[in-house]
Amino acid sequence: MDKTVQDLVNHQTENYILPFLWMKGEEEQVIREEIARIYECGIRGICVEARPHPDFAGPGWWHDLDIVMDEAKQRGMRVWILDDAHFPTGYANGLIEKKYPNRKKTYINYNTVDVLGAQNEVTIHISPMLKPKTSWLDIGKPIDKEEQKNNKLISVTAGKLVIDGIISEELIDLTDRVQGDFLTCILPEGPWRIFVVYETKTDGGNPKYINMIDEESVSTQLEAVYEPHFKRYKDEFGKTFAGFFSDEPAFGNVNGFDFNESIGKKDMPLPWSEEAKTLLSKALGEHWRVFLPYLWNSSEEMNICVNTRYTYMDVVTRLYEKNFSNQLGKWCEAHNVEYIGHVIEDNDQHSRLGSGAGHFFRALSGQHMSGIDVIGGQVIFGGAGLERRGIFKGDGEFYHYTLGKLGSSYGHLDPKKKGRTMCELFGAYGWKLGVRDMKYILDHLVVRGINHLVPHAFSMREYPDFDCPPHFYARGHNPQFKHFSYLMHYANRLCHIFNGGRHIAPVAVLYHGESEWTGEYMKMQKPARALTENQIDFDFVSIDMLNNLENYNGKVENKLLTINGEEFKCLVIPYSRYITKELAAFIKNVDDLEIILVDGKPEGIANVVDGQEVSELLRAVEKCKVVPLSELATELKEEGIFDLQLKKPFKDLTYYHYEKEISIYMFQNESAHETFSGDIELSGGEFAIIYNGLENKFEKIEVLKVNGKSIINLELKPYESCVLFVSDVTLDGEYEKYRPYTTKLNQCEETIDLSKGWNYSLVKNIEYPNFGEVTHMNELIPISNIDPAFTGIIKYEKTFELAEVPGQGILTFESIYEAVELSINDEFVGMKVCPPYIYDVADHLRKGTNTIRVEVATTLDRDRFNHPEPPFIVWHDPIDPTGMFGKITLSF
């Protein structure tokens with residue numbers, strides 16, 4: 001028997017789940033009880049969330065964390081710590097404000113003055129230009145005037161205005177003409193704009209936060225959080241104490257979450273440090289300071305301008321990588337623990353400043369797992385590719401077709417990550433999110449390669465806690481807690497399957513981060529969507545990987561790009577007006593790798609300004625094939641660059657191919673309405689078994705060999721997924737033959753309608769199983785039509801007659817909201833956490849009178865009508881009905 005199959009059969013899986021446990025200063029018995037509830041879910045890890053605690057890294061914190069550590073150690077669980085007192089990571093538990101104000105964030109900013117029509121020398125008062133402009137709107141706002149006195153002039157540059165604020169690239173450096181507080185100069189005729197660039201600690205984001213690109217400033221994070229935890233728990237480091245979790249650290253050069261802080265596209269203070277200045281001056285040359293206006297303003301030529309923007313972003317993202325991500329990661333390695341977490345990826349923020357970290361791959365370089373999050377409605381059942389509307393407009397195409405793959409790609413390709421990618425998930429979806437859609441989100445992530453999970457969250461605050469629900473236990477109030485436990489056992493089994501092996505994908509798609517810094521570009525989600533909807537799997541690769549293949553166990557050989565054991569037959573490059581000289585050199589130096597440029601060839605080199613050198617570098621792309629986005633999938637299939645294919649197109653069938661001792665596939669139907677039913681042509685294999693992970697059940701599925709191809713026939717209804725184990729030799733074990741439910745139903749000869757005549761009763765989860773008064777319902781309707789605010793468990797009961805014991809029995813429920821447990825003749829049949837609500841019940845039926853009991857668990861969504869409105873509303877959602885209704889049939 002295959003080892004992975006054997007592990008599943010014997011319930012011998014590892015733990016891959018580490019949910020947030022929110023610490024808010026609760027009593028000891030509450031902490032221990034909550035950990036016991038986590039343990040009940042089959043979970044053997046905890047990620048302790050410090051944000052709500054009133055005394056992080058103080059006596060109260062150590063008292064409470066000692067309890068967590070003791071309880072976890074007794075239960076064989078591992079503990080991770082979120083690494084700051086406040087969100088996002090970088091506050092350093094207030095140590096910047098308390099001890100190191102000299103280490104707070106540093107920026108460069110600018111002011112302008114226009115000189116129009118001057119016929120003689122002009123004088124500019126420089127001092128007031130070394131701080132932001134103010135108006136009557138700023139009266140009463142706090143301004144750190146003392147700190148502003150420390151602002152430093154960096155450069156004064158004049159640019160000739162062409163049109164609409166665009167300048168010519170013949171800039172004049174006036175810095176050395178500043179005498180005292182004044183600049184006096186004579187400019188050539190025409191309209192000019194003078195740029196005054198200065199260094200400051202006052203103009204940008206939160207002044208209590210560390211400077212991500214300054215090594216000494218970042219070390220404050222270690223001093224404030226990491227080292228105190230090591231001092232107290234050093235004997236458990238690498239044992240019960242597993243590591244630290246950074247939550248959405250960012251450049252933070254502006255406050256808030258606008259998500260549009262792209263270099264050159266928004267006026268904003270920019271991250272700065274002495275090391276950044278040194279590296280920028282080395283890269284741009286002795287006249288580096290004259291080019292600084294290009295960081296905010298476009299030029300007519302867009303030559304030196306593009307180079308300046310690229311060089312600046314290259315410098316600061318590499319410093320983020322070195323001084324923040326790698327400094328924390330190396331500290332953890334030296335102390336025998338791991339460093340994990342994620343940055344903000346939302347709406348392409350992964351390649352921007354502000355709340356972003358500038359470059360996804362560099363930002364996570366020091367971490368020992370790759371990481372993303374899917375919270376707040378990012379992935380929605382039935383919403384593939386559609387815009388999200390909440391506080392912000394959300395790029396559904398990015399969330400659905402790119403986010404999961406972006407995370408798992410780094411997990412696959414970076415040897416440090418060991419094939420592991422974690423995802424923080426479920427949080428801030430609201431109480432509407434129950435196990436039905438949790439299962440969909442979970443499958444959506446795993447089928448894209450996510451294999452470690454951080455469910456958000458277990459809160460110990462008394463219900464209702466308005467802070468980013470759902471909360472899985474909710475102090476005993478959540479009617480779906482046992483169903484969530486069922487789902488977590490499934491999640492651990494699923495993640496166990498997809499750890500310790502190798503991802504198989506035919507295509508590498510170039511990460512678009514650098515392209516966004518420089519000019520027009522195609523977002524990587526465009527080719528990602530085209531490939532996903534045509535069942536062509538891929539990983540995202542960065543230019544850094546291609547430029548340093550040896551660091552990623554990589555090579556190009558025999559028409560394959562190999563990175564850390566993964567083999568790609570093709571490199572797909574989304575359109576970019578500019579590429580880097582490193583990418584051009586890679587293209588030039590590989591002779592036999594298929595490289596496709598989507599929608600067009602580049603026109604320039606981002607980090608080269610010499611025209612002749614640019615022309616020579618661009619010659620490399622002449623050999624590349626240019627393919628319109630609309631034809632990309634067709635072109636790849638014609639070239640034989642695919643792993644599997646469908647007999648009939650079905651854009652919502654996603655798959656993941658993984659290789660361990662044998663080949664393993666996962667399939668998910670992501671359509672909200674259509675059933676997938678059809679033939680799938682695999683890359684090989686003679687024998688296969690299909691695995692239903694929710695029920696931990698295996699069935700033998702027929703593999704047809706047609707013209708040397710291996711073909712299976714599969715049916716997946718909305719919400720359904722499955723795993724396929726495929727081998728060239730017979731897989732040991734006694735398995736029933738796989739038959740889709742459609743086939744089973746078609747083979748039934750009789751049907752009994754059980755839709756009418758049910759008795760029902762209600763109970764709040766906290767009072768279960770003490771159901772209330774029994775009421776008769778002849779025609780099933782949603783309970784929410786009767787009691788709109790009820791949440792809890794609804795018990796339905798009825799009897800029916802059978803003349804004989806049937807050979808088979810299929811019980812089908814049309815509509816249930818949303819988790820259900822079925823018993824027939826007082827025998828438990830099974831639990832369902834999502835559609836389709838279809839049961840095999842033949843083994844539980846008997847001749848004569850049969851009793852049937854259905855218990856339906858609602859979400860807590862409608863219970864909000866019984867409580868005051870929360871302090872903020874992130875979005876508006878439609879409200880689901882509750883209970884069981886529609887047609888119910890027994891077929892036999």
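This dialogue treats aromatic pairs, charges over rings and one sheet in a predicted model.

Reader: By which quantities is a pair of aromatic rings described?

Author: The description rests on the distance of the centres and the angle of the planes. In this structure there are 51 aromatic pairs. Tyr226 and Phe244 provide one case: their ring centres are 4.1 Å apart and their planes meet at 25 degrees, so the pair is stacked.

Reader: Where in the chain do Tyr226 and Phe244 lie?

Author: Tyr226 belongs to helix H6 (residues 215–233), and Phe244 to strand S12 (residues 241–247). The two residues are 18 residues apart, and their pair links distant parts of the chain.

Reader: Why does Tyr226 count as buried, and how is Phe244 classed?

Author: Buried means under 20% relative accessible area. Tyr226 has a relative accessible area of 0%, and therefore counts as buried. Phe244 is also at 0% relative accessibility, so the class is buried here too.

Reader: How is the pair of Trp758 and Tyr796 arranged, stacked or edge-to-face?

Author: Planes over 60 degrees apart count as edge-to-face. For Trp758 and Tyr796 the angle between the planes is 90 degrees, with 6.4 Å from centre to centre, and the pair is edge-to-face. Trp758 lies in strand S43 (residues 756–763) and Tyr796 in strand S45 (residues 793–802), so the contact ties together parts 38 residues apart in sequence. Both residues are buried.

Reader: Which residues do ring pairs link into a cluster?

Author: The cluster consists of Trp62, Tyr226, Phe230, Tyr233, Phe237, Phe241, Phe244 and Trp331. The stacked pair of Tyr226 and Phe244 thus reappears among its members.

Reader: Which arginine lies over the face of Tyr473, and which over the face of Trp22?

Author: Over the face of Tyr473 lies Arg37, at 5.8 Å from the ring centre. Over the face of Trp22 lies Arg51, with 5.0 Å to the ring centre.

Reader: Turning to the sheet, what is the order of its four strands?

Author: The order is S42-S51-S46-S49; the sheet is open and its pairing is antiparallel. Strand S42 (751–753) and strand S49 (837–840) are the edge strands, each pairing on one side only. From one strand to the next, the twist averages 20 degrees.

Reader: How many bridges join strand S46 to strand S51?

Author: Seven bridges connect S46 (residues 810–817) with S51 (residues 883–891), and these strands run antiparallel. As an individual example, Ser815 has Phe885 in S51 as its bridge partner.

Note on methods. Residues numbered from 1 in each chain as written. Predicted model: local features only at pLDDT ≥ 70, side-chain atom pairs only at ≥ 80, totals over all residues. Heavy atoms only, no water. Pairing = 2+ DSSP bridges. Axes fitted to C-alpha atoms, helices over the stretch in contact; angles between N-to-C directions. Phe/Tyr/Trp six-rings, centres within 6.5 Å; stacked < 30°, edge-to-face > 60°. Buried < 20%, exposed > 50% of the residue type's maximum accessible area, 1.4 Å probe, protein only. Lys NZ or Arg CZ within 6 Å of the ring centre and 35° of its normal.
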